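Let's take a friendly walk through this protein, one region at a time. Keep the picture open while you read.

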Amino acid sequence: MALYSAAAAVLAGLERGEGGLKSLVFNSGFPHVRQLYALVSETLRYASVLEKLLDGAALLQAEKKLAPQLAKVLVYDLLFGKGLKCGGRWKALARRHRARLEAELARMKVRHKVSRNEDLLAPEKAVSAPASQVPRYVRVNTLKTCVDDVIDFFKRQGYAYLGKAASVEELKTLSGKKFLLDLHLPELLVFPSQTDLHDNLLYTSGHIILQDKASCLPAFLLGPVAGSHVIDACAAPGNKTSHLAAILKNKGQIFAFDVDPKRMATMNTLLTRAGVTGCQLAQQDFLTVDPRDTKYSRVTHILLDPSCSGSGMVTRGPGEEAAPSAERLQALAGFQRRVLNHALSFPALQRLVYSTCSLHQEENEDVVQAVLEEWGSAFRLVTAFPSWPCRGLAAFPGAESCLRASPAETLTHGFFVAVLERSKEGAAAPSSLPAAAKNPQPGEGTEPGAAPKKRKKKKQRMKE
């Protein structure tokens, strides 16, 4: 019952505007955050269907003490999930009303002339249609297994392997128990969006990582060779960190930073399950890390995925910041410029990936342009992944070197990635930091919205 109570509390927090989905899940205190996040996300996705079911079955009228949020998560798992995972009075209540709820669900399908539960989502607003097409992406954890063995495992479980995808359009046709190898990333499998693998043995043992395709791009494009020293600046919950470790083949050193203790604990669990070694976790604001510390003298690669508006995430709830104010964007962009400047100040740095799950130019192209201008010829943009179909906005010359991703064009979450390399003429680190790196302007504190003289710590957002 703890799962449903926690999920109901998250839904209530979203409705009250207390935070975003991911922050509320991480701050819930529930030990299995991925299970909680999956349940709340799916409940939100079926929200309009669940409201009609509750209304048609008059469940809340019959059960006066049942909170609407709790009713939604219970009915979701009862009718659309894998069945209720609780006992006691709530399970008895659900059984008492099950026949009425199932009858109302059947009537809804008849009215909409559909046969499958997920087809009831089709009448949703057109703006959400691309989000419903985003497949389930599965990254094979090469620290523990290989792609061929994972494919064989799923085939033994009754899945049909269709080979390597030839186009993004082909990913849209997936249904049932069919899956493909992604056309861009060599260790990424693609399943229909409704596929739930949270209880699959490969997932629970760390052999596969459930990670959106766009979220796999930063580590893939950073591409450190085995033996490299790498910083993951805003690391929790750890999917990108585990990807870096796999690319490094656990050879080298990763320094991973995050300020939130709960997120760090979750990250430690994830990395242990994934078989990651050679990774030093530090509960520390990356902006307080001294680039001149000899510990980081061999750091040649940095992955920087800072706090952002999260406007590219397709599983959004009522409390998510879909349209941040101009002031909020300015504060976020100030923080992002500050942290990118700080990352570029590491003396041995050769390659950096800057990424966000934001759609806003202010947090993406504008940040990259401003920082590159401050560093002069020391760093340059790399044209990353030329075959990627969605490029950066033409905000400045060379911005097309950056990547963008979206549900409509790439069947992923909304994402932005820029790859920066030290230029030959900038091979030696600058003797002093750019002015903005030393003296942040108002609105450019170490966290969004922080005062320039006194830094406030703010929890980093949860990343795919």
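Contact here means that heavy atoms lie within 4.5 Å of each other. With that in mind, look at L171: leaving out residues up to four places away in sequence, it touches P135, Y137, A165, L180, D182, L183, V190 and L411.

## How far to trust it

What you're looking at is a predicted model. Across the protein chain the mean pLDDT is 84, and 84% of the residues reach 70 or more.

Two stretches deserve some caution. Residues 123-129 stay under 50 in pLDDT, and the model gives them 2 contacts beyond four places in sequence. Residues 426-464 are also below 50, yet this stretch has 99 contacts in the model beyond near neighbours in sequence.

## The greasy middle

In soluble globular proteins, nonpolar side chains tend to be buried together. Here, the largest nonpolar core has 48 residues, and L171 and L221 are the ones that touch the most other members. Plenty of elements chip in: α10 (168-172), β4 (188-191), α12 (213-222), α13 (239-248), β7 (253-258), α14 (261-274), β12 (403-405) and β13 (415-422) each supply at least two residues. The top contributor is α12, with 6 residues.

There's also a second, separate core, made of 44 residues, with A8, L11, L44 and A57 among them.

## The sheet and its helices

Now find the open sheet of 5 strands. Its order is β2-β3-β4-β1-β5, and the pairing is mixed. Why do β2 (160-164) and β5 (208-210) each have one side without a neighbour in the sheet? They stand at the edges with a single partner strand each, so nothing in the sheet flanks the other side. Going from one strand to the next, the twist averages 30°.

Strands of a sheet pair through backbone hydrogen bonds, either parallel or antiparallel. In this sheet, β1 and β4 run antiparallel and are joined by 4 bridges. Y137, for instance, has V190 in β4 as its bridge partner. Both Y137 and V190 also turn up in the list of residues that L171 touches.

Helices join in too. α9 packs on the sheet and touches β1, β2, β3 (178-181), β4 and β5, with its direction at about 25° to that of β4. Meanwhile, α13 lies across β1 and β5, running at about 40° to β1.

## Three residues in loops

Start with C357, which UniProt lists under "active site" in an unreviewed entry. You'll find C357 in the loop between β10 and α16 (365-375). Is C357 buried or exposed? Buried means under 20% relative accessible area, and C357 has just 1%, so it counts as buried.

Next comes T145, in the loop between β1 (136-140) and α9 (147-156). T145 has a relative accessible area of 16%, so it is buried as well. Beyond residues up to four places away in sequence, T145 touches V140, V150 and H207.

Last is P347, in the loop between α15 (326-344) and β10 (351-356). With a relative accessible area of 29%, P347 is partly exposed. How far apart in space are P347 and R292? Their C-alpha atoms are 7.2 Å apart, although 55 residues separate P347 and R292 in sequence.

Technical notes: Residues are numbered from 1 along each chain as its sequence is written. This is a predicted model: local features need pLDDT of at least 70, side-chain atom pairs count only at pLDDT 80 or more; totals for chains, interfaces and linings use all residues. Side-chain values use heavy atoms; hydrogens and water are left out. Buried means under 20% relative accessible area, exposed over 50%, partly exposed in between (1.4 Å probe, protein chains only). UniProt positions are given in the numbering used here, feature names are shortened, and annotations may be inferred rather than shown by experiment. pLDDT is the predictor's confidence in each residue, from 0 to 100. A nonpolar core is a set of buried Ala, Val, Leu, Ile, Met, Phe, Trp, Tyr and Cys residues joined through side-chain atoms within 4.5 Å. Two strands pair if DSSP finds at least two bridges between them. Axes are lines fitted to C-alpha atoms, for helices over the stretch in contact, and angles run from 0 to 180 degrees between N-to-C directions.
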